[in-house]
Each structure stands twice: as structure tokens, then as C-alpha cells.
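Got your viewer open and a selection box ready? Let's walk through this one stop by stop.

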Amino acid sequence: MSLLEVLSKPFPLISAPLAGLSDLPFRLINRQFGCRYAFLEMIHARSLTYENIKTLDLLRTEEADMPLGLQLLGDEGPFLKVAIELLEKNKYKHDVLDFNAACPIRKITCKGEGAALLKNRRKLSGLIKILVKNSKVPVTVKMRLGWEDTVKAVDIASSIQDAGAQVVFVHGRTKLQGYSGDIDYAAIRKIKKKLTIPVVASGNILDPFLAKKMFEQTGCDGILIARGGLGNPWIFKQISEFLLNGKVVASPTVNEIARIMKIHLQLYMGHYGQRRGLWNFRKFFVWYTRGMNNIKQLRCRVMHVSSESDMLLVIEDFKQIASSN
Ligand SMILES: Cc1cc2nc3c(=O)[nH]c(=O)nc-3n(C[C@H](O)[C@H](O)[C@H](O)COP(=O)(O)O)c2cc1C
């Protein structure tokens, strides 16, 4: 099923691109809980063209990880073109090519990339046209509502559509807001009203109620689950059940959380090898145990774990502690 087909179903839930986080293990876990579409980690067009092993590793996928979107970052047309050629030559399995006009990080925006493109609509349009002309798969764009205010949000979204994008993903904050502050639902709604292509909304989708609010207040065609899914793959099922059937799904039991942690750990070690797998899993342990009492000591212990068996012991101890919460 392609992204456009996913978006034609009721209440599509998409796993957001998350640099450094939305790797294959993360996506596979989310897909077990009803995530119908996911994004690879963002890839810089220029680094892709250098065919650096670390960059190519971000593209690792498998059959169970479909359908899948790939997001490119950059502001140089020739590199975007070569990046597409390389992706097509190697038959990568993404069915959508997304372009990042949303990343607020200074080391990216100071080069004119990511959210900086929101300040230069002509350049943004030109880059999208290059992507559309060269890509065999549909091009989509992820934008924010603006740099410091939302005055131009509709104009930016319209020029993205006019340049040939087939879907727009809108993070309902400005660049200046970074990752905090209120979501401007009204601004997303204005974009949805103006555009004819699907609009997928992002921002603060942390539970089923906020998901419902996003659909109701913006009229969007789908939503992106981002930070709400960290250590919480159950959110996909909870939101689906709530929106489709009005059911409130109970929070996962301690045993269920431990079961998924173990699967996540195995996937990580299989993907990255033991050392890096354990290292990467530590932050997820913190997310899986978010909001729980008496867990501080265990979180400190997890930072010093150096073997799989020690990590499994930490998870067993987590079961004991969390059950007595
Ligand atoms: C750690 C982190 C990494 C992110 N990486 C990307 C990225 O590579 N590309 C992108 O378009 N958005 C990225 N985002 C933005 C998210 O996709 C999402 O739009 C944003 O976090 C708002 O949703 P939330 O408030 O539900 O987290 C990232 C966000 C976070 C927190």
C-alpha cells in the first residue's frame, strides 16, 4: 500500500521521521501496533552522494518494514538530483520521497537548509521542482508554519503544492518555537482548506485525545506520531481504537512493557551489534519507564550495563519495581 492509499483510509497514523531514532528496530516495533506507514531517518542529500557507509546504513529495511518514506535534507539541486539517481540505481524500497523544510537545528538552518527554506519560497519551490522532475516516486514536503510567525503559512504550503508535491506534512509550530509551545491548529486548518493535496498534521500527538483534537480542529488527512511514540508503541493501537471505535484501550501492563522492551533490545542488538545495540537501547529504557515511581536507581544502572544478560536483569528488576508501584 502506498502513502496515498494509506491516506485514503480513515484516520491514518504515520510514524514520523525522527533523526537518530526512527531506525529499522523502532519502525518494526511500531508496525506491530498498527502503524501503517513509517519514515526512515532523515538523510542529507550530499552525504548520500558520498555513499558513506554510515549514511547508507540508515537505508536498511526489510519486507515487514513497508510501506516506507524517505526524507532528504539539503539545499543544493545538483546533489538532490544525484541522490535520487543513487537511490533509484540501488532500488531502495521507499514509495515516497519527502523533502525537509522543517528542521530547526541551527547547524542546518545556518546553511540555508531545513526550516531556513521557509524564508525563501522561490528557492524551496525550485528544489521541489528538481525533486519532482527527477523522482520516480511521489514527492512530499515537511514544513513548519513559518520561521517566526505563521503569517505566510498558507502561501508556503500553496507554493509547495504548486511546485508538484503530492502531500504536505505540517508541523504546527514555527521554527522559533522549536519543539515546545502550543500547536497552532487554526493555521493548519487554513492550509487544509486551501490545498487540494492531502495535508498530514504533526505536533503534540501524545495520546488519543490530542490525536482526536488534531483531526477535529484541522480537518487533516492524517497525523504523524513523533515523541508520543518513544517507548510507547501502544499509542498507535490506543489512537486507532479511540478514533475508529470510541474505545479507550487500557495502558499496557508491566509484563507487556517488559516483553516489548526485550523484543526492542533483541532487534537493536541484531541491527547494530551488541555494543552499539545496548548503548542505543538505554535511552529507550528511559522512555519505556517514563512516569513510573522508584525507577531512578534502575535508570542509573542501565547507563552502566555492558552485556545483554545484565540488560535482561535490569528489565526483570523493572518488572519487580513497577509491579509494586
Ligand atoms: C529527536 C527528534 C528528531 C526529529 N527528526 C526529524 C527529522 O529528521 N525530520 C523531520 O521532518 N522532523 C523531525 N522531527 C520532528 C518530528 O517529526 C515532529 O514533526 C515533531 O517532533 C512534532 O511532533 P511531536 O510534538 O508530536 O513530537 C524530529 C523531532 C525530534 C523530537
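Start at the ligand. Keep in mind that you are looking at a predicted model. Select the shell of 21 residues around the ligand, then pick out Ala16, Ala19, Met42, Ala226 and Arg227, which come nearest. Colour the shell by class and you get 12 nonpolar, 7 polar and 2 charged residues.

Now zoom out and colour by domain. The assignment gives domain 1 as 3-245 and domain 2 as 254-323. Their C-alpha centres lie 29 Å apart. Where they touch, 8 residues of domain 1 are in contact with 10 residues of domain 2. On the domain 1 side of that boundary you'll find 6 nonpolar, 1 polar and 1 charged residues.

Next, select 24-32, which is helix 2. Why call this helix largely enclosed by the rest of the structure? Because 7 of its 9 residues are buried. Show them as sticks: Leu24, Pro25, Phe26, Arg27, Leu28, Ile29 and Asn30. Then bring up what covers them, including strand 1 (13-15), strand 2 (37-39), helix 11 (234-245) and helix 12 (254-272). Before moving on, click Gly34, just after helix 2, where phi is positive at about 105°.

Helix 10 is the next stop, so select 208-218. Which of its residues are buried? Pro208, Ala211, Met214 and Thr218. Look down the axis: these residues span an arc of only 130°, which puts them on the same side of helix 10. Swing round to the other side and you meet Phe209 and Glu216, both exposed. Back on the buried side, show helix 9 (185-194), strand 8 (199-202), strand 9 (222-225) and helix 11, since the buried residues pack against these elements. Just past the end of helix 10 sits Gly219, with a positive phi of about 70°.

Last stop: the cores. The largest nonpolar core has 74 residues, and the members touching the most others are Ile128, Met143, Val168, Val170, Ile223 and Ile225. Highlight helix 7 (residues 121-134) too, as it gives the most to this core, with 5 residues.

Centre on Val168 for a closer look. Leaving aside neighbours within four places in sequence, Val168 is in contact with Thr140, Val141, Met143, Ala157, Ile160, Gln161, Leu195, Ile197 and Val199. Finish with a second, separate core of 19 residues; select Ile257, Leu278, Tyr288 and Ile315, which are among its members.

Definitions and conventions: Residues are numbered from 1 along each chain as its sequence is written. This is a predicted model: local features need pLDDT of at least 70, side-chain atom pairs count only at pLDDT 80 or more; totals for chains, interfaces and linings use all residues. A residue is near a molecule or strand if its C-beta atom, placed from the backbone, lies within 6 Å of it. Ala, Val, Leu, Ile, Met, Phe, Trp, Tyr, Cys and Pro count as nonpolar, Asp, Glu, Lys and Arg as charged, and the others, Gly among them, as polar. Domain bounds come from an automatic or database domain assignment. Two residues are in contact if their C-beta atoms, placed from the backbone, lie within 7 Å. A residue is buried if 20 or more other C-beta atoms lie within 10 Å of its own, exposed if 12 or fewer, and partly exposed in between; C-beta atoms are placed from the backbone. Helices (H or I, at least four residues) and strands (E, at least two) are DSSP runs, numbered from the N terminus. The arc is that of the directions from the helix axis to the C-beta atoms. A nonpolar core is a set of buried Ala, Val, Leu, Ile, Met, Phe, Trp, Tyr and Cys residues joined through C-beta atoms within 7 Å.
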